[in-house]
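Me: Hey, I'm new to this one. Can you walk me through it?

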Amino acid sequence: MQNSLIVNLAVLFFLSVQLILVRCEDDEEDNSISKQDPHRDPSLCEVCKYLTTELKGRLDETGKTKEVIETGYGLDTKKKKKEYYKSELRLIEAVNDPHVCDKILEYNIHAERKGSLRFAKGRSQTMEALHNLKDKGVKVELGIPYEMWDTPSSGVTEMQRKCFKIVEEYEDDIEDWYWNNQHKDLTKFLCRDRVLSHNDQECLAEQWTGETEKTSEEKSSKEKSSKKKTKKSNNLEKNKLKGDIGGDDGTHETKTEL
């Protein structure tokens, strides 16, 4: 009886372990699929990356102005003068007039791109193709009215919401960068060194080169093809050189006209 109980307990323990392993594998598979889904929610890294991109863009637009502002009371004859690009007004307008996070709504999801590069301004290749078909008179049904085709997706609106949260929570750090650390890159100063954990910084290195990102297999295939072309070209050059010389033995052929 006791031996039978021990056996049953061992079986139950074994089945429990197997069930846990299966669940872990399922979770890993779900996470892998989620990371491949271009319509997944934006990560904190992606949000901070595009927040700083937009803020730097706004500051760059106003950083070259020679405008001088005067501060003081209306009847004060000795108002203080200050260059606009060094003023607090410039920072306030860059962040809040209109709010820098509203610029996030200009982004769309480009499903053909990988990583954080899926967020970009302008229409995606798919939407551009659908619009072209519509313009040619082809009936296209997306399940939503045509007027809503270009409205921000849920992923983009979620990125805007998280953008507001970062600006609110790290307002002091943004001001610290503006007044004391403009010689440092804003994305590194705010995102890498303050907002993001060490394990959530991969997207900061992703840069758009104007071409669709290729997988490692595609890159390897392209490199092999390039090596074959180079080898073939070298062989052609060698054969041409041999022909010019006149043969492998180094003799020259001459023709005499009669």
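Reply: Sure. One term to start with: a nonpolar core is a set of buried Ala, Val, Leu, Ile, Met, Phe, Trp, Tyr and Cys residues joined through side-chain atoms within 4.5 Å. Also, keep in mind that this is a predicted model.

Me: OK, so which residues touch the most other members in the largest nonpolar core?

Reply: That core has 33 residues, and the ones touching the most other members are Leu-51, Leu-55, Ile-104, Phe-119, Ile-166, Leu-190 and Val-195.

Me: And where does the largest share of this core come from?

Reply: From helix 2, which gives seven residues. Helix 3, strand 3, helix 5, helix 6 and helix 7 are also among the elements that each supply at least two.

Me: What does Leu-51 touch?

Reply: Leaving out residues up to four places away in sequence, Leu-51 touches Val-100, Cys-101, Ile-104, Cys-163, Ile-166, Val-167 and Leu-190.

Me: Switching to helix 6: which of its residues are buried?

Reply: Ile-174, Trp-177 and Tyr-178. They sit on the same side of helix 6, because the arc they cover around the axis is only 95°.

Me: Which residues are exposed on the other side of helix 6?

Reply: Asp-172 and Asn-180 are exposed there.

Me: What covers the buried residues of helix 6?

Reply: The cover includes helix 2, helix 3, helix 5 and helix 7.

Me: New topic: where is Lys-114 found?

Reply: In the loop between strand 3 and strand 4. Lys-114 counts as partly exposed because its relative accessibility is 34%, and partly exposed runs between 20% and 50%. Its C-alpha atom is 8.2 Å from that of Gln-36, although the two residues are 78 residues apart along the chain.

How values were computed
Residues numbered from 1 in each chain as written. Predicted model: local features only at pLDDT ≥ 70, side-chain atom pairs only at ≥ 80, totals over all residues. Heavy atoms only, no water. Buried < 20%, exposed > 50% of the residue type's maximum accessible area, 1.4 Å probe, protein only. Helix = DSSP H or I, 4+ residues; strand = E, 2+ residues; numbered from the N terminus. Arc of directions from axis to C-beta. Contact = heavy atoms within 4.5 Å.
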